[in-house]
Amino acid sequence: SGAVTSGANAIRVGGLLGNNNANSVSGCWARGSVTTGSSSYYIGGLIGHNNSWPGPVTSCYATGSVSGGTGSQNVGGLAGSSTFDTQTAFIHSSYSTSYASGIYYTGGFVGYTASKGVGLEIVNCFSAGLVMGTEYVGGFVGANAKNYATFTDCFYNTETSGTVEYEAEGRNTTQMKDSLYFHGWDFEESWYIRTDSTYPALYGLNNAPFAFPDTLRSFHPALS
(Lines give C-alpha, C1' and ligand atoms only; values in the text may rest on other atoms or scores of the structure.)
Protein backbone atom coordinates (compact mmCIF):
# COMPACT_ATOMS: atom_id res chain seq x y z
CA SER A 1 0.00 0.00 0.00
CA GLY A 2 1.07 3.59 -0.60
CA ALA A 3 1.90 5.93 -3.45
CA VAL A 4 4.54 5.52 -6.16
CA THR A 5 5.46 8.72 -7.99
CA SER A 6 8.03 9.48 -10.68
CA GLY A 7 8.89 12.43 -12.88
CA ALA A 8 8.94 12.81 -16.65
CA ASN A 9 10.49 10.26 -19.02
CA ALA A 10 10.13 7.44 -16.52
CA ILE A 11 10.38 3.85 -17.77
CA ARG A 12 8.93 0.78 -16.01
CA VAL A 13 7.03 2.03 -13.00
CA GLY A 14 4.77 -0.25 -10.93
CA GLY A 15 3.00 -0.39 -7.61
CA LEU A 16 5.04 -3.48 -6.64
CA LEU A 17 7.61 -4.03 -9.41
CA GLY A 18 8.90 -1.70 -12.07
CA ASN A 19 10.25 -4.55 -14.17
CA ASN A 20 9.69 -8.30 -13.94
CA ASN A 21 12.16 -10.23 -16.05
CA ALA A 22 11.53 -13.99 -16.06
CA ASN A 23 10.46 -14.25 -12.42
CA SER A 24 7.39 -15.88 -10.89
CA VAL A 25 5.05 -13.43 -9.17
CA SER A 26 2.38 -15.10 -7.03
CA GLY A 27 0.11 -14.07 -4.18
CA CYS A 28 1.05 -10.40 -4.43
CA TRP A 29 -0.93 -7.18 -4.46
CA ALA A 30 -0.57 -3.42 -4.66
CA ARG A 31 -3.02 -0.88 -3.27
CA GLY A 32 -2.48 2.81 -3.83
CA SER A 33 -1.59 5.23 -6.60
CA VAL A 34 1.06 5.01 -9.32
CA THR A 35 1.72 8.37 -11.01
CA THR A 36 4.31 9.43 -13.60
CA GLY A 37 5.21 12.59 -15.45
CA SER A 38 5.08 13.19 -19.19
CA SER A 39 6.54 10.89 -21.86
CA SER A 40 6.68 7.87 -19.54
CA TYR A 41 6.41 4.21 -20.60
CA TYR A 42 5.32 0.92 -19.01
CA ILE A 43 3.22 2.00 -16.04
CA GLY A 44 1.18 -0.56 -14.08
CA GLY A 45 -0.75 -0.85 -10.85
CA LEU A 46 1.28 -3.95 -9.89
CA ILE A 47 4.03 -4.34 -12.52
CA GLY A 48 5.33 -1.74 -14.95
CA HIS A 49 6.78 -4.11 -17.54
CA ASN A 50 6.22 -7.87 -17.34
CA ASN A 51 8.35 -10.41 -19.18
CA SER A 52 7.36 -13.32 -17.01
CA TRP A 53 8.41 -16.46 -18.89
CA PRO A 54 9.26 -18.97 -17.47
CA GLY A 55 7.75 -17.71 -14.21
CA PRO A 56 4.01 -16.96 -14.43
CA VAL A 57 2.06 -14.19 -12.74
CA THR A 58 -0.66 -15.87 -10.67
CA SER A 59 -3.14 -14.91 -7.94
CA CYS A 60 -2.28 -11.20 -7.86
CA TYR A 61 -4.31 -8.01 -7.82
CA ALA A 62 -4.04 -4.23 -7.96
CA THR A 63 -6.43 -1.57 -6.71
CA GLY A 64 -6.16 2.22 -6.66
CA SER A 65 -5.09 4.39 -9.60
CA VAL A 66 -2.51 4.36 -12.38
CA SER A 67 -1.92 7.71 -14.07
CA GLY A 68 0.53 8.52 -16.84
CA GLY A 69 1.27 12.07 -17.90
CA THR A 70 1.13 13.68 -21.34
CA GLY A 71 2.50 11.37 -24.00
CA SER A 72 2.50 8.32 -21.72
CA GLN A 73 2.31 4.84 -23.26
CA ASN A 74 1.59 1.29 -22.09
CA VAL A 75 -0.53 2.00 -19.02
CA GLY A 76 -2.50 -0.81 -17.34
CA GLY A 77 -4.45 -1.45 -14.17
CA LEU A 78 -2.33 -4.53 -13.33
CA ALA A 79 0.58 -4.33 -15.81
CA GLY A 80 1.65 -1.59 -18.18
CA SER A 81 2.86 -4.13 -20.72
CA SER A 82 3.41 -7.85 -20.95
CA THR A 83 5.83 -9.17 -23.54
CA PHE A 84 7.37 -12.54 -24.32
CA ASP A 85 10.12 -13.86 -26.55
CA THR A 86 10.44 -17.52 -27.52
CA GLN A 87 8.14 -19.31 -25.08
CA THR A 88 4.54 -18.92 -23.99
CA ALA A 89 4.09 -16.75 -20.89
CA PHE A 90 1.12 -16.80 -18.51
CA ILE A 91 -0.97 -14.52 -16.34
CA HIS A 92 -3.55 -16.51 -14.39
CA SER A 93 -6.22 -15.81 -11.78
CA SER A 94 -5.52 -12.12 -11.22
CA TYR A 95 -7.51 -8.92 -11.31
CA SER A 96 -7.43 -5.15 -11.31
CA THR A 97 -9.99 -2.67 -10.02
CA SER A 98 -7.61 0.23 -10.64
CA TYR A 99 -8.46 3.43 -12.46
CA ALA A 100 -6.07 3.60 -15.45
CA SER A 101 -5.30 6.81 -17.34
CA GLY A 102 -2.78 7.19 -20.16
CA ILE A 103 -2.47 8.50 -23.71
CA TYR A 104 -1.48 5.54 -25.91
CA TYR A 105 -2.11 1.85 -25.20
CA THR A 106 -4.15 2.02 -22.02
CA GLY A 107 -6.10 -0.95 -20.59
CA GLY A 108 -8.01 -1.83 -17.47
CA PHE A 109 -5.84 -4.94 -16.94
CA VAL A 110 -2.82 -4.57 -19.23
CA GLY A 111 -1.92 -1.70 -21.52
CA TYR A 112 -0.03 -3.52 -24.27
CA THR A 113 0.91 -7.08 -25.19
CA ALA A 114 3.63 -7.95 -27.69
CA SER A 115 5.58 -10.99 -28.86
CA LYS A 116 8.47 -12.15 -30.98
CA GLY A 117 6.37 -15.01 -32.25
CA VAL A 118 4.94 -17.34 -29.61
CA GLY A 119 2.26 -16.09 -27.26
CA LEU A 120 0.92 -14.87 -23.97
CA GLU A 121 -1.95 -16.65 -22.27
CA ILE A 122 -4.12 -14.61 -19.91
CA VAL A 123 -6.61 -16.88 -18.15
CA ASN A 124 -9.31 -16.30 -15.52
CA CYS A 125 -8.69 -12.60 -14.95
CA PHE A 126 -10.92 -9.54 -14.71
CA SER A 127 -10.77 -5.75 -14.63
CA ALA A 128 -13.32 -3.32 -13.30
CA GLY A 129 -11.76 0.14 -13.18
CA LEU A 130 -12.43 3.23 -15.25
CA VAL A 131 -10.08 3.49 -18.25
CA MET A 132 -9.20 6.78 -19.92
CA GLY A 133 -6.90 7.33 -22.89
CA THR A 134 -6.56 8.81 -26.36
CA GLU A 135 -5.51 6.01 -28.72
CA TYR A 136 -5.65 2.23 -28.31
CA VAL A 137 -7.83 2.10 -25.22
CA GLY A 138 -9.64 -0.96 -23.88
CA GLY A 139 -11.61 -2.05 -20.85
CA PHE A 140 -9.24 -5.01 -20.43
CA VAL A 141 -6.29 -4.56 -22.83
CA GLY A 142 -5.28 -1.45 -24.73
CA ALA A 143 -3.68 -3.26 -27.66
CA ASN A 144 -2.82 -6.87 -28.45
CA ALA A 145 -0.04 -6.62 -31.01
CA LYS A 146 -0.52 -9.06 -33.90
CA ASN A 147 -3.09 -10.89 -31.75
CA TYR A 148 -0.38 -13.11 -30.27
CA ALA A 149 -1.91 -13.00 -26.80
CA THR A 150 -4.92 -15.16 -26.03
CA PHE A 151 -7.56 -14.35 -23.42
CA THR A 152 -9.47 -17.26 -21.91
CA ASP A 153 -12.41 -16.68 -19.55
CA CYS A 154 -11.38 -13.06 -18.97
CA PHE A 155 -13.94 -10.36 -18.20
CA TYR A 156 -14.30 -6.62 -17.76
CA ASN A 157 -17.05 -4.41 -16.36
CA THR A 158 -18.79 -2.66 -19.23
CA GLU A 159 -20.42 -0.09 -16.94
CA THR A 160 -17.42 1.06 -14.90
CA SER A 161 -14.73 0.84 -17.59
CA GLY A 162 -16.17 3.65 -19.69
CA THR A 163 -14.90 2.03 -22.89
CA VAL A 164 -15.29 -1.05 -25.09
CA GLU A 165 -13.15 -4.16 -25.34
CA TYR A 166 -12.72 -6.85 -28.00
CA GLU A 167 -10.42 -9.35 -26.27
CA ALA A 168 -12.20 -9.98 -22.95
CA GLU A 169 -15.90 -10.60 -22.43
CA GLY A 170 -18.06 -7.79 -21.11
CA ARG A 171 -20.23 -8.07 -18.00
CA ASN A 172 -22.38 -5.46 -16.33
CA THR A 173 -22.01 -4.75 -12.61
CA THR A 174 -24.81 -7.10 -11.60
CA GLN A 175 -23.26 -9.95 -13.58
CA MET A 176 -19.81 -9.20 -12.14
CA LYS A 177 -21.23 -10.08 -8.73
CA ASP A 178 -22.56 -13.50 -9.75
CA SER A 179 -20.33 -16.56 -10.15
CA LEU A 180 -22.66 -17.95 -12.83
CA TYR A 181 -21.25 -15.39 -15.26
CA PHE A 182 -17.63 -16.44 -14.69
CA HIS A 183 -17.58 -19.67 -16.66
CA GLY A 184 -14.44 -21.75 -16.28
CA TRP A 185 -13.50 -20.23 -12.89
CA ASP A 186 -12.75 -22.24 -9.75
CA PHE A 187 -14.92 -20.92 -6.93
CA GLU A 188 -13.96 -23.83 -4.68
CA GLU A 189 -10.20 -23.34 -4.40
CA SER A 190 -9.11 -20.11 -6.12
CA TRP A 191 -11.90 -17.53 -6.00
CA TYR A 192 -14.54 -16.38 -3.56
CA ILE A 193 -17.62 -14.29 -4.28
CA ARG A 194 -20.56 -13.06 -2.24
CA THR A 195 -23.41 -13.14 -4.73
CA ASP A 196 -25.14 -9.82 -5.40
CA SER A 197 -22.63 -8.07 -3.17
CA THR A 198 -19.00 -8.32 -4.33
CA TYR A 199 -16.73 -8.95 -7.28
CA PRO A 200 -14.66 -12.16 -7.18
CA ALA A 201 -11.77 -12.11 -4.72
CA LEU A 202 -8.80 -14.43 -4.32
CA TYR A 203 -8.57 -16.99 -1.55
CA GLY A 204 -5.57 -16.62 0.72
CA LEU A 205 -4.94 -12.93 0.02
CA ASN A 206 -5.85 -9.82 1.94
CA ASN A 207 -8.73 -8.76 -0.28
CA ALA A 208 -10.24 -7.19 2.86
CA PRO A 209 -11.77 -9.86 2.33
CA PHE A 210 -13.46 -8.99 -0.98
CA ALA A 211 -12.39 -7.19 -4.12
CA PHE A 212 -14.78 -4.34 -3.40
CA PRO A 213 -17.06 -3.30 -0.53
CA ASP A 214 -20.80 -3.90 -0.76
CA THR A 215 -21.39 -0.59 -2.53
CA LEU A 216 -19.39 -1.04 -5.71
CA ARG A 217 -17.80 1.90 -7.46
CA SER A 218 -14.79 2.10 -9.71
CA PHE A 219 -11.96 4.03 -8.10
CA HIS A 220 -11.53 7.42 -9.72
CA PRO A 221 -10.05 10.42 -7.91
CA ALA A 222 -12.76 12.72 -9.25
CA LEU A 223 -15.49 10.45 -7.85
CA SER A 224 -14.05 9.98 -4.40
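Contact here means heavy atoms within 4.5 Å, and in this predicted model that definition is what the surroundings of arginine 171 rest on. Leaving aside its neighbours within four places in sequence, arginine 171 is in contact with Phe155, Tyr156, Asn157, Thr158, Met176, Tyr181 and His183. Arginine 171 belongs to strand 24, which covers residues 169–171, and its side chain makes a polar contact of 3.4 Å with the side chain of glutamate 169. With a relative accessible area of 11%, arginine 171 is buried, because the cut-off for that class is under 20%.

**The parallel sheet**

Five strands, in the order 2-6-10-15-20, form an open sheet whose pairing is parallel. Its edges are strand 2 (11–14) and strand 20 (135–138), each of which pairs on one side only. On average, and with direction ignored, neighbouring strands of this sheet are turned by 5 degrees against each other. Strands of a sheet pair through backbone hydrogen bonds, either parallel or antiparallel. Between strand 2 and strand 6 (residues 41–44), which run parallel, there are three bridges, and glycine 14 stands opposite glycine 44 in strand 6.

**Residues with positive phi**

Serine 39 and tyrosine 105 can be set side by side, together with the place of each in the chain.

| Residue | Phi | Place | Relative accessible area |
|---|---|---|---|
| Serine 39 | near 55 degrees | loop between strand 5 (29–35) and strand 6 | 31% |
| Tyrosine 105 | near 60 degrees | strand 15 (residues 104–107) | 21% |

For serine 39 the positive phi occurs in a residue other than glycine, and the same description applies to tyrosine 105. Serine 39, at 31%, is partly exposed. Tyrosine 105 also counts as partly exposed at 21% relative accessibility, because buried would require a value under 20%.

**Nonpolar cores**

In soluble globular proteins, nonpolar side chains tend to be buried together. The largest nonpolar core of this model has 24 residues, of which Ile91, Phe109, Ile122 and Phe140 touch the most other members. At least two residues of this core come from each of strand 11 (79–84), strand 12 (89–92), strand 17 (120–123) and strand 22 (149–152). Another core, of 14 residues, lies apart from it and has among its members Tyr95, Phe126, Met176 and Phe187. Met176, one of the members of that second core, is also among the residues in contact with arginine 171.

Conventions
Residues are numbered from 1 along each chain as its sequence is written. This is a predicted model: local features need pLDDT of at least 70, side-chain atom pairs count only at pLDDT 80 or more; totals for chains, interfaces and linings use all residues. Side-chain values use heavy atoms; hydrogens and water are left out. Two strands pair if DSSP finds at least two bridges between them. Helices (H or I, at least four residues) and strands (E, at least two) are DSSP runs, numbered from the N terminus. Axes are lines fitted to C-alpha atoms, for helices over the stretch in contact, and angles run from 0 to 180 degrees between N-to-C directions. Buried means under 20% relative accessible area, exposed over 50%, partly exposed in between (1.4 Å probe, protein chains only). A nonpolar core is a set of buried Ala, Val, Leu, Ile, Met, Phe, Trp, Tyr and Cys residues joined through side-chain atoms within 4.5 Å. A polar contact is a pair of N or O atoms within 3.5 Å; within protein, one must be able to donate a hydrogen and the other to accept it, and residues adjacent in sequence count only if both atoms are side-chain atoms.
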